[in-house]
Amino acid sequence: MSLKNYLTFALLTITCLQLQAKDYRTSLFGIHSDGITLNTRSIQYAIDFISQNGGGRLVFNVGRYLTGSVHLKSNVTLHLEEGAVLLGSLNPWDYDKKVWTAIVFAHDQQNIGITGQGVIDGRGRYIARNIVDMIHKGLIKDLFRQDRPEAETRPVLAYIRNCENVNIKGVTMQNSSSWVQIYDQCKNVAIDSITVDSKAYWNNDGIDIVDCDGVTITNSFIDSDDDGICLKSHDASKVCKNILVRNCTIRSSANGIKFGTASYGGFSNVKIYNVKIFDTYRSAVTLQAVDGGFVENVIVDSLKAYNTGNAIFLRIGERVKGKKGRMENISISNMYVEVPATKPDAGYEYEGPIEDMPRNISPSGIVGMPDAIITNVTLKNIEIKMPGGGNPMYAKIGLDELDKVPEKPTFYPEFSMFDELPAWGLYLRHAKDIKISNLTLSCEKKDYRTAIVADDVHGATFEGIKVTQTGSKNYIHTHKSTGIVQKK
């Protein structure tokens, strides 16, 4: 079955199940909307009751519903009407921890959902502050790295694991103290028309999809201080596959769309269409295989990014010795990106880190390792506008000293990880079977570097390349490479 048919069938299954649902008002269960009364036990009783009696929707009317951790059960949907706010408790002891800490849990359930025009508000800055206080008192044990609690200690808004037929639609998720929402080893997940507004604390990934099979993320707006949409593979025996992202707008103080940290298993059959990214600190799109897993069969089409730190970053690494990744069959087309000279997320709360400055703006990158080559990448109909102005007095890497660029196989993978690079537009290293056509690279100010550098690249075709501010007639420099073909 094709990805399109598979996902359509899954969505129809979820919709049919919802049409059979019965509505239960929160008032029936003594659930209070005053924002003061702690409703955890009442909400949990309501969920259990509805699940045991054929399923349905627990409907929250206008009001503020204070709660700690609740656990969704099969055939139950939390429906938040406009004006309804599910409010996270500020008391750390009101939350359960099952690997993660969360407001809404679901484990091993089927046919569940969170829908409506209401809000889940984690009040992340304040609950995180109280967790820090408990850590200092010795009441909560935590590594407390970088002067903050571990991500698993802070409540996420929703942690859904090993569930099937999950529907998240219409709601606003805001102010998480950690990742916003996690879907882990789930099957048939439909996320549609949601808003994520989460810049309240560190590690606020907008949406995390972990080792899932059959996920659609459509028509949604995500504003997060960490990666916007992040695919992960935590289990070496699992694959994150059959994923569709379409018609979304993303802002992030990290990456717009990212997958590969973690990448212990793999990623296969991922399609990303018609996405807009803005004011994003790191890459618009970054694909990574750095923990021994693989990335294969990925299509990115019709993506526009304004004021983002980098356009494209593809990377194979070896963060665990002896476990090399694999990346192949990647297609990126119809893409427009504007990269500024200044920090793209300046002025936002919890900005991306201030890197060593001054430095030259990094190019897009396709960077494997000498013994783990990125294979079969197509870039087509792409325009990238760079600021230029590269200064050789900062930290120049000359074209005659490309071997000085470090490999850094164990480093955390980001586009700026290599410090200074010898290209201003596109840097390719340890790659083969690369096809680039109708690529336009321009820079606002003259840059001393070459537009494109290909180092240890074998079998690459460049056709219809338009470059401004090259400093020479040749837009590409090759090193230790073979089979490089340049066509007009």
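Is Asn162 buried, partly exposed or exposed? In this predicted model, Asn162 is partly exposed, because its relative accessible area of 43% falls between the limits of 20% and 50%. The residue is located in the loop that runs between strand E12 (155–161) and strand E13 (164–169). Its backbone also stands out: Asn162 is not a glycine, yet its phi is positive, at about 55 degrees.

A second asparagine can be described in similar terms. Asn274 has a phi near 50 degrees, again a positive value in a residue other than glycine. Asn274 belongs to strand E24, which covers residues 266–289. With a relative accessible area of 43%, Asn274 is partly exposed. Another backbone feature is found at the peptide bond from Thr261 to Ala262, which is cis, with omega near 10 degrees. Of these two residues, Ala262 is placed in strand E23, made up of residues 257–263.

The overall fold was examined next. The protein contains four helices and 33 strands. Its radius of gyration is 24 Å, and a compact globule of 488 residues would have a value near 23 Å, so the two agree. Along the principal axes, the C-alpha atoms fill a box of roughly 75 × 55 × 40 Å. Contacts were considered between residues at least 6 apart in sequence; 77% of these join residues at least 24 apart.

Burial and surface were computed for the whole protein. Of the 488 residues, 59% are buried. The accessible surface amounts to about 19200 Å², and carbon and sulfur atoms account for 49% of that area.

Charged side chains were then considered. The protein carries 55 positive and 54 negative side chains. The centre of the positive set and the centre of the negative set lie 3 Å apart. The structure holds 27 salt bridges, and several of them are described here.

One of the salt bridges joins Asp345 to Lys343, with a distance of 2.7 Å from N to O. Asp345 counts as buried, because its relative accessibility is 0% and the limit for burial is under 20%. Its partner Lys343 has a relative accessible area of 22% and is therefore partly exposed. This salt bridge thus links a buried acidic side chain to a partly exposed lysine.

The pair formed by Lys324 and Glu318 is also a salt bridge, and its closest N and O atoms are 3.5 Å apart. Here Glu318 is buried, because its relative accessible area is 13%. Lys324 is partly exposed, at 31% relative accessibility.

In another salt bridge, the side chains of Lys404 and Glu401 meet at 2.9 Å, N to O. Lys404 counts as exposed, because its relative accessibility of 57% is over the 50% limit. Glu401, with a relative accessible area of 22%, is partly exposed.

Salt bridges also occur as a network. Asp197, Lys199, Asp223 and Arg251 are linked in this way.

Definitions and conventions
Residues are numbered from 1 along each chain as its sequence is written. This is a predicted model: local features need pLDDT of at least 70, side-chain atom pairs count only at pLDDT 80 or more; totals for chains, interfaces and linings use all residues. Side-chain values use heavy atoms; hydrogens and water are left out. The radius of gyration is taken over C-alpha atoms; the globule rule is 2.2 Å times the number of residues to the power 0.38. Buried means under 20% relative accessible area, exposed over 50%, partly exposed in between (1.4 Å probe, protein chains only). Contact means heavy atoms within 4.5 Å. Accessible areas come from the Shrake-Rupley method with a 1.4 Å probe; for residues, only the protein chains shown count as cover. Lys and Arg count as positive and Asp and Glu as negative; His and the chain ends are not counted. The place of a charge is taken as NZ of Lys, CZ of Arg, CG of Asp or CD of Glu. A salt bridge is a side-chain nitrogen of Lys or Arg within 4 Å of a carboxyl oxygen of Asp or Glu.
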